[in-house]
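Please find below a short note for your consideration. It should be read alongside the sequence and coordinates.

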Amino acid sequence: MSNKQGRPVQAERTPLKARRVSFAWEDTPLHWVPGDPFTTHTINVLHLLLPAGERWFVHVYRQALPLIRDDRLREDVIGFIGQEATHSQAHDEVLPHLREQGLDPTPYTAQVDWFFEKLLGDRTLPPGRARRWWLLERIALIAAIEHYTAFLGDWVLNAAELDRRGADPTMLDLLRWHGAEEVEHRSVAFDLFVHVDGDYRRRVRTWALAFAALMFLWQRGARFFMAHDPTLVDGKASFRAFHRSGRRGTLPATGALLRSIPRYLSRAYHPSQEGSTAQAVAYLASSPAALAAEKAERDA
């Protein structure tokens, strides 16, 4: 089977840097999308999934650095590591705010930690072929997951309906700063996978695992939040509610999510063919948190 991959859009590459952002949450309400707890909590799942997941990305990529034989890719991977570490910290800092509002996510985050640290963590394997196989599997998994983080990043940068409904500006800035960086570095994980392996069968197999795991964990997280929201009586989450919210524009449209699947599985796929680096960079140049981080760095 041919392993030929899609052609990158070279003009889309930009040097990657970690922006040391911080956010103040004391004025963010429990339902930061007014009158819409389901949208609020479906997006809130990011705060539970991403810290553990992105710490895992960083751990795996540090193991992958010795395999990289291209200086520019190595630079991109190091920039990716810095950005992902910052994303993990920023979302982690939302959790105390959720606890103050009566939503303790610990039972759910313990399951997420187990998934990334135990199920997908390091294994006691003999040096050589077996250990390399497990590293390549995880590199391919990250490439598949990054396809969806970039999809979500592109969506939130264009989710004007959240603005129209009065979503909390601090939360929107967190989501759009993060989303913009996901679009900015959307090609790195795939390029690393192609560089160290690129096997199409592995790409398909790990996509299936990543997609199933993300769907399972996300719906489980949304149901957890809705069930434990102290302001709701018998709060529920469902795929039907997700579909309705997608049609309204407050969550990604189901059709757009499904159409992303054949794009990733196409042999002509390359992440740079999706989203807009120019749009991402433009947002990062105007993000209140990113501007504050840049000023703090200059003043340090």
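The points below proceed from the overall fold to individual residues.

1. Status of the model. The structure under review is a predicted model. Residue-level remarks should be read with this in mind.

2. Secondary structure. The chain contains 13 helices and zero strands. Read from the N terminus, the order of elements is accordingly α-α-α-α-α-α-α-α-α-α-α-α-α.

3. Overall dimensions. For 300 residues, a compact globule would be expected to have a radius of gyration near 19 Å, and the chain agrees because its own value is 19 Å. The C-alpha trace extends over about 55 × 45 × 35 Å along its principal axes.

4. Burial and contacts. Of the 300 residues, 54% count as buried. Considering contacts with a separation of 6 or more, 85% are made by residues 24 or more positions apart.

5. Surface and charge. The accessible surface of the chain is about 14100 Å², and carbon and sulfur atoms supply 57% of this area. Positive side chains number 38 and negative ones 36, with the centres of the two sets 9 Å apart.

6. Nonpolar core. Which residues touch the most other members of the largest nonpolar core? They are Trp56, Tyr61, Val77 and Leu192, in a core of 92 residues. Helix α5 (residues 129–157) contributes the largest share of this core, namely 15 residues.

7. Surroundings of Val77. Once residues up to four places away in sequence are set aside, Val77 touches Tyr61, Leu65, Ile68, Val188 and Leu192. Two of the residues named here, Tyr61 and Leu192, also appear with Val77 among the core residues that touch the most other members.

8. Glu137. This residue belongs to helix α5, the helix that gives the largest share of the core. Is Glu137 buried or exposed? Its relative accessible area is 8%, and Glu137 is therefore buried, the cut-off being under 20%. Apart from neighbours within four places in sequence, Glu137 is in contact with Arg202, Arg205 and Thr206. The contacts of this negative side chain thus include two arginines, which count as positive.

9. Gly35. In contrast to the preceding residue, Gly35 lies outside the helices named so far, in the segment before α1 (37–64). Its relative accessibility is 77%, so Gly35 counts as exposed, for which the threshold is over 50%. The C-alpha atom of Gly35 is separated by 40 Å from that of Arg298, a residue 263 positions away along the chain.

Technical notes
Residues numbered from 1 in each chain as written. Predicted model: local features only at pLDDT ≥ 70, side-chain atom pairs only at ≥ 80, totals over all residues. Heavy atoms only, no water. Core = buried A, V, L, I, M, F, W, Y, C linked by side-chain atoms within 4.5 Å. Buried < 20%, exposed > 50% of the residue type's maximum accessible area, 1.4 Å probe, protein only. Helix = DSSP H or I, 4+ residues; strand = E, 2+ residues; numbered from the N terminus. Contact = heavy atoms within 4.5 Å. Rg over C-alpha atoms; globule rule 2.2 N^0.38 Å. Areas by Shrake-Rupley, 256 points an atom, 1.4 Å probe, with all protein chains shown as cover. Charge placed at Lys NZ, Arg CZ, Asp CG, Glu CD.
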